[in-house]
Amino acid sequence: MTESIDHDLKVSHTKDEASRQGFVAGMRGYVLNNLSGHMKTVWDRKVEPAFEKANGRLPEDGPEVHKTFKPETIFKFYSAMRCNTQEMVWRSVMPAVEREGADLSRRAQVLSQAGDKAEGTVETNPNFQVPRYVSELDVHMMPGNYHEERIDYDVTQGAVFDNGLSVFSFGLLGDRMEDITESVSTFFQARYPDEQPKKILDLGCTLGHSTLPWKARYPDAEIHGVDVGGPCVRYAHARAQSYGVTAHFHQVDAEHTDFEDESFDVVYSCMFLHEVPLKNIKGVFKEAHRLLKPGGVMLHYELPPNSMTSPYDGFYLDWDSYYNKEPFYKAFRDADAKAEIEEAGFKKDSFFEHVAPSRNLYGTDALMDAARQDGAKNDSRVGRFGDGVMWYFFGARK
Amino acid sequence: MADHSVNPESTPLRYSVKGKRMRFFGAQGVDELVAICMGLAQEMWVIKERQAALESVAAEKGVVLPDDVEGHTFTDEQSAALDAEKQGFIDRIFFTLREEAESLAAEPEEEPPAPSLP
């Protein structure tokens, strides 16, 4: 299940480990498609009608759906099995990473120093203080999170995340697992053909899945990625070098970067904000505003906000906030991004939001068609990891 | 064939998720039983896949498996390797039972709480 990793940091899994990964990927498909479908049926046919009969109205929001649904057996099994599957994702890939940890570190150093295919750079800081909202958590139940380090030039947690993501996404993220940013950047380029960014920044870039597609869209642009995880930025750089893509990675906090004022044309993030507390998101928006040139664009791929989803879909998407070690997710989805962005100083009424069909699932033509339509439409497939997923993103202009 | 033996320079990873564990069932131990059942299902799948490979290889070589398997005895070396493998097999299935202890050992000082349950 790690076929989508085809760069030089690939690790070798035994046959049994690969079987375990295949099983976990299959279980995720079962839980997120089949079991979640059964759960919706129980909701529609039994629990919601009973609620309506008792209260003379339908549940008004996600928390009310959650509270009503929590005692049901199907909810308990769905939840327990999702948690277990999530943990099994990481455990299924860790033995190979553990075996090859020291060798991975050597390979990453060689790739980082080799300038034959790409000329990117990486900067880490031995005195860097990882923000406590990261250091105190195993985000989405990944033991060791993005930042833990044990050996010199440690890329272990990057490797755990890359291999785990490959199992986790059961093919939904396409080649190189870059589908989200492939889709969003292709949509962006089609929608805003006049934009010719010269410098692009990816916040919370982890392994560069969300960084490198920008280079494919805008080959002349200078591409930077920042993350608080040292193992992640080292891994991201080695991965980029292996693919022959020039990109620059830095271990810095997205709220407090050391780039110059007005030095970027686009500031982007992918699956980042929902892992950040709201007060720090405000800081990220302010920092993005500082970094952008006048007229520059900030955009974020994210889960759709609760204001856009039905009460049931709100409950379904917020599940992770309660049970998947992503505690900031709900507050982010509840927030008014437009108001927060304007408060950070972005141009009034420059807020935009779109839904990009997955390029991997629907093809480039569907993506181009969507880029010609206005606004983001409510659809239960948006942001929902499973068959037919579509990607939501929003942003504003300085 | 790739060498998957234990690497002497490997640094052990922590497999358990630190902090508060999720619980869904009222009755004590049911959450653990779900985890154990899933571990069992996973290990059974590994066996099924390996068996399918074995049967396919055997058929390609013209070996009649049932008779040969029935009469087969493992060497001492093979038995020792299987015994070692069995420990890992059991540990993976019953992982959830050591998880609480490991999580406690890696206890964060200040895990940010999930939102209050509705």
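For a segment to come before a helix, the helix has to be fixed first: here helices are DSSP runs of H or I with at least four residues, numbered from the N terminus. By that reckoning, B:Phe25 sits in the segment before α1 of chain B. This is a predicted model, and the tour below goes from that spot along α1(B), over to the side of chain B that touches chain A, and then into chain A itself.

**Just before α1(B)**

- B:Phe25 is partly exposed, because 16 other C-beta atoms lie within 10 Å of its own, and a residue needs 20 or more to count as buried.
- Leaving aside residues up to four places away in sequence, B:Phe25 touches B:Val30 and B:Asp31 in its own chain and A:Lys76 in the other.

**Helix α1 of chain B**

- α1(B) takes in residues 30–60, and its length checks out: 31 residues at 1.5 Å a residue should span 45 Å, and the end C-alpha atoms are indeed 45 Å apart.
- Its buried residues are B:Asp31, B:Val34, B:Ala35, B:Met38, B:Gly39, B:Gln42 and B:Val46.
- As background for that pattern, an α-helix has 3.6 residues a turn, so residues three or four places apart point the same way.
- What do the buried residues of α1(B) pack against? In chain A they meet α1 (15–55) and α3 (73–113), and in chain B they meet α3 (76–93) and α4 (95–105).
- Just after α1(B) comes B:Gly62, with a positive phi of about 75 degrees.

**α1(B) against α4(B)**

- The axes of these two helices come within 8 Å and cross at roughly 125 degrees.
- That crossing makes α1(B) and α4(B) oblique to each other, because an angle of 65 to 115 degrees would be needed for roughly perpendicular and one over 145 for roughly antiparallel.
- On the α1(B) side, the contact is made by B:Glu32, B:Ala35, B:Ile36 and B:Gly39; on the α4(B) side, by B:Phe95, B:Thr96 and B:Leu97.
- Sorted by class, the residues of this contact are four nonpolar, two polar and one charged.
- B:Ala35 and B:Gly39 are among the residues of α1(B) that meet α4(B), and both are also listed as buried.

**Where chain B touches chain A**

- 36 residues of chain B are in contact with 43 residues of chain A.
- The chain B side of that contact divides into 20 nonpolar, nine charged and seven polar residues.

**Chain A overall**

- Chain A has 14 helices and eight strands.
- How compact is chain A for its 398 residues? Its radius of gyration is 21 Å, close to the 21 Å from the globule rule, so chain A is as compact as a globular protein of that length.
- Along its principal axes, the C-alpha trace of chain A spans about 70 × 55 × 40 Å.
- Of the 398 residues in chain A, 56% are buried.
- Taking contacts in chain A between residues at least 6 apart in sequence, 79% join residues at least 24 apart.

**α5(A) against α8(A)**

- Helix α5 (residues 156–168) and helix α8 (residues 230–243) of chain A have axes that come within 7 Å and cross at roughly 70 degrees, so the pair counts as roughly perpendicular.
- From α5(A), the residues involved are A:Thr156, A:Gln157, A:Gly158, A:Ala159 and A:Asp162; they meet A:Pro231, A:Cys232, A:Arg234 and A:Tyr235 in α8(A).
- The class count for this contact is four nonpolar, three polar and two charged residues.

**Strand β4 of chain A and A:Gln251**

- A:Gln251 belongs to strand β4 (residues 248–251) of chain A.
- Is A:Gln251 buried or exposed? A:Gln251 is buried, since 21 other C-beta atoms lie within 10 Å.
- Beyond residues up to four places away in sequence, A:Gln251 touches A:Glu123, A:Thr124, A:Asn125, A:Phe128, A:Asp227, A:Val228, A:Gly230 and A:Val233.

**Two positive phi angles in chain A**

- Most residues other than glycine have a negative phi.
- A:Met177 is not a glycine, yet has a positive phi of about 55 degrees; A:Met177 is placed in the loop between α5 and α6 (179–191) and counts as buried, with 22 C-beta neighbours inside 10 Å.
- A:Glu262, also not a glycine, has a positive phi of about 50 degrees; A:Glu262 lies in the loop between β4 and β5 (264–270) and is partly exposed, with 14 other C-beta atoms within 10 Å.

Methods
Residues numbered from 1 in each chain as written. Chains lettered and ligands numbered in written order. Predicted model: local features only at pLDDT ≥ 70, side-chain atom pairs only at ≥ 80, totals over all residues. Contact = placed C-beta atoms within 7 Å. Nonpolar A, V, L, I, M, F, W, Y, C, P; charged D, E, K, R; others polar. Expected span 1.5 Å × (residues − 1). Buried ≥ 20, exposed ≤ 12 C-beta atoms within 10 Å, placed from the backbone. Rg over C-alpha atoms; globule rule 2.2 N^0.38 Å. Axes fitted to C-alpha atoms, helices over the stretch in contact; angles between N-to-C directions. Parallel < 35°, antiparallel > 145°, perpendicular 65-115°, else oblique.
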